[in-house]
2 protein chains.
Amino acid sequence: MSAAKHDVFQAIADPTRREVLRLLASNELAISEITAHFPISRTAIAKHLHILSEANLVSGKKAGREKIYQLHPEPLTEVKQWLSYYEQFWDNKLSILKHVVENDNEDRFKGRKKDQE
Amino acid sequence: MSAAKHDVFQAIADPTRREVLRLLASNELAISEITAHFPISRTAIAKHLHILSEANLVSGKKAGREKIYQLHPEPLTEVKQWLSYYEQFWDNKLSILKHVVENDNEDRFKGRKKDQE
DNA sequence: TAAATATAAAACCATTTGGTTTCATTTCAA
DNA sequence: TTGAAATGAAACCAAATGGTTTTATATTTA
């Protein structure tokens, strides 16, 4: 499974691809149906779908002459996890505590110390 | 201010840039100090910092002959918000409830004509 | 069966990306 | 004060990106 050529961070970097994901969140759709929502060619959309598919964010099944694409949001958890590290910085209320408890309070208080051994 | 040329999704798409952010999460660092952690040139790192800076994820202040870069994680909230839409799909336990409460229960039930459960 | 629909695949293209090397400038330190 | 350190800036490069157009193939449908 899991084609690794395109990772999820790269897949969601493009705004068109993010819109495609949003469309598929409501409904599975054929390539042409997706294309109808954008000002670019069907071929371009097909390429975006291919990239999303390599990141395992969508999959396509053939149905007659159509190819129906479906959302698979699971790989987004990787982004969520990555992001969770930074939550300590913006939710100062409880996340600092959480961070301190989970890790060590050390790196919250050391300034810039020149060398990072 | 806020240069909009590079958005945050694009900024975090590159793994080197994600590592740079992680380094800066512990400490502010000069360009050379950052470079020491990577196999690529100082110039390449400087370009990555420029892109991160355009996304307002870092800022640099001159200190003598050094330029010290600092993390500004706030723009990551945009990613978090984008992602929150998809939480309804993976955490079915409480996120559906959360989604319903925060937004309206409307969009839970509107679109999905065909599939999905 | 013939025309229309839906997609696939390939060739092509301009721009962006992620690097490099080289040279200039500023600042620190011996 | 002279050299090393840190950065900036520019020129260059190969590969990837995000598009296009063209051609071919399979599937409906009139």
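The questions and answers below walk through a predicted model of two chains, A and B.

Student: How many helices and strands does the secondary structure of chain A come to?
Tutor: Read along the sequence, chain A follows the pattern α-α-β-α-α-β-β-α-α-α-α. Each α in such a pattern stands for a helix and each β for a strand, and the secondary structure of chain A comes to eight helices and three strands.

Student: What share of the residues in chain A is buried?
Tutor: A residue counts as buried if its relative accessible area is under 20%. Chain A has 117 residues, and the share of them that is buried is 38%.

Student: By what turn can chain B be laid on chain A, and which C-alpha of chain B is nearest the axis?
Tutor: Chain B can be laid on chain A with an RMSD of 0.0 Å by a turn of 180 degrees, with a shift of 0.0 Å along the axis. That is the relation of a two-fold axis. In chain B, the C-alpha nearest this axis lies 3.0 Å from it and belongs to B:Ala13.

Student: What kind of aromatic pair do B:Phe9 and B:Trp82 form?
Tutor: A search of the whole structure finds eight aromatic pairs over all chains. In the pair of B:Phe9 and B:Trp82, the ring centres are 5.6 Å apart and the planes make an angle of 80 degrees. Since planes over 60 degrees apart count as edge-to-face, this pair is edge-to-face.

Student: How many residues apart in sequence are the parts that B:Phe9 and B:Trp82 tie together?
Tutor: Both B:Phe9 and B:Trp82 are buried. B:Phe9 lies in helix 1 (residues 8-11) of chain B and B:Trp82 in helix 5 (residues 76-84) of chain B, so the pair ties together parts whose separation in sequence is 73 residues.

Student: Which ring does the charged end of B:Arg22 sit over?
Tutor: A charge can sit over a ring from another chain, and A:Arg22 lies over the face of B:Tyr85, at 3.6 Å from the ring centre. For B:Arg22, the charged end is 3.6 Å from the centre of a ring in chain A, that of A:Tyr85.

Student: Which residue forms a salt bridge with A:Lys80, and is that partner buried or exposed?
Tutor: Side chains of opposite charge can pair when their charged atoms come close. A:Lys80 forms a salt bridge with B:Glu87, the closest N and O atoms being 2.6 Å apart, and because A:Lys80 lies in helix 5 (residues 76-84) of chain A and B:Glu87 in helix 6 (residues 87-90) of chain B, the pair joins two chains. A:Lys80 is partly exposed, with a relative accessible area of 30%. Its partner has a relative accessible area of 9%, so the partner is buried, and its name is B:Glu87.

Student: What is the relative accessible area of B:Lys80, which forms a salt bridge with A:Glu87?
Tutor: The closest N and O atoms of A:Glu87 and B:Lys80 are 2.6 Å apart, and this pair crosses between chains, from helix 6 (residues 87-90) of chain A to helix 5 of chain B. A:Glu87 is buried at 18%, whereas B:Lys80 is partly exposed, with a relative accessible area of 31%.

Student: Where does B:Arg18 lie, which meets A:Asp7 in a salt bridge?
Tutor: The side chains of A:Asp7 and B:Arg18 meet at 3.5 Å, N to O. A:Asp7 is partly exposed at 25% relative accessible area, while B:Arg18 is buried at 12%. The pair crosses between chains, from the segment before helix 1 (8-11) of chain A to the place of B:Arg18, which is helix 2 (residues 15-26) of chain B.

Student: How far apart are the end C-alpha atoms of helix 2 of chain B?
Tutor: At 1.5 Å a residue, the 12 residues of this helix should span 16 Å. This expected span agrees with the distance between the end C-alpha atoms, which is 18 Å.

Student: Which residue has a side-chain oxygen that reaches the backbone nitrogen of B:Thr16?
Tutor: B:Thr16 is among the buried residues of helix 2 of chain B, which also include B:Val20 and B:Leu24. At the start of this helix, the backbone nitrogen of B:Thr16 has a side-chain oxygen within 2.9 Å, and that oxygen belongs to B:Asp14.

Student: What is the phi of A:Asn56?
Tutor: Most residues other than glycine have a negative phi. A:Asn56 is found in the loop between helix 4 (42-54) and strand 2 (58-63) of chain A, and is partly exposed at 30% relative accessible area. A:Asn56 is not a glycine, yet its phi is positive, near 60 degrees.

Notes:
Residues numbered from 1 in each chain as written. Chains lettered and ligands numbered in written order. Predicted model: local features only at pLDDT ≥ 70, side-chain atom pairs only at ≥ 80, totals over all residues. Heavy atoms only, no water. Phe/Tyr/Trp six-rings, centres within 6.5 Å; stacked < 30°, edge-to-face > 60°. Helix = DSSP H or I, 4+ residues; strand = E, 2+ residues; numbered from the N terminus. Buried < 20%, exposed > 50% of the residue type's maximum accessible area, 1.4 Å probe, protein only. Lys NZ or Arg CZ within 6 Å of the ring centre and 35° of its normal. Salt bridge = Lys/Arg side-chain N within 4 Å of Asp/Glu carboxyl O. Expected span 1.5 Å × (residues − 1). Polar contact = N/O pair within 3.5 Å; in protein donor to acceptor, adjacent residues only side chain to side chain. Least-squares fit on C-alpha atoms with pLDDT ≥ 70 in both.
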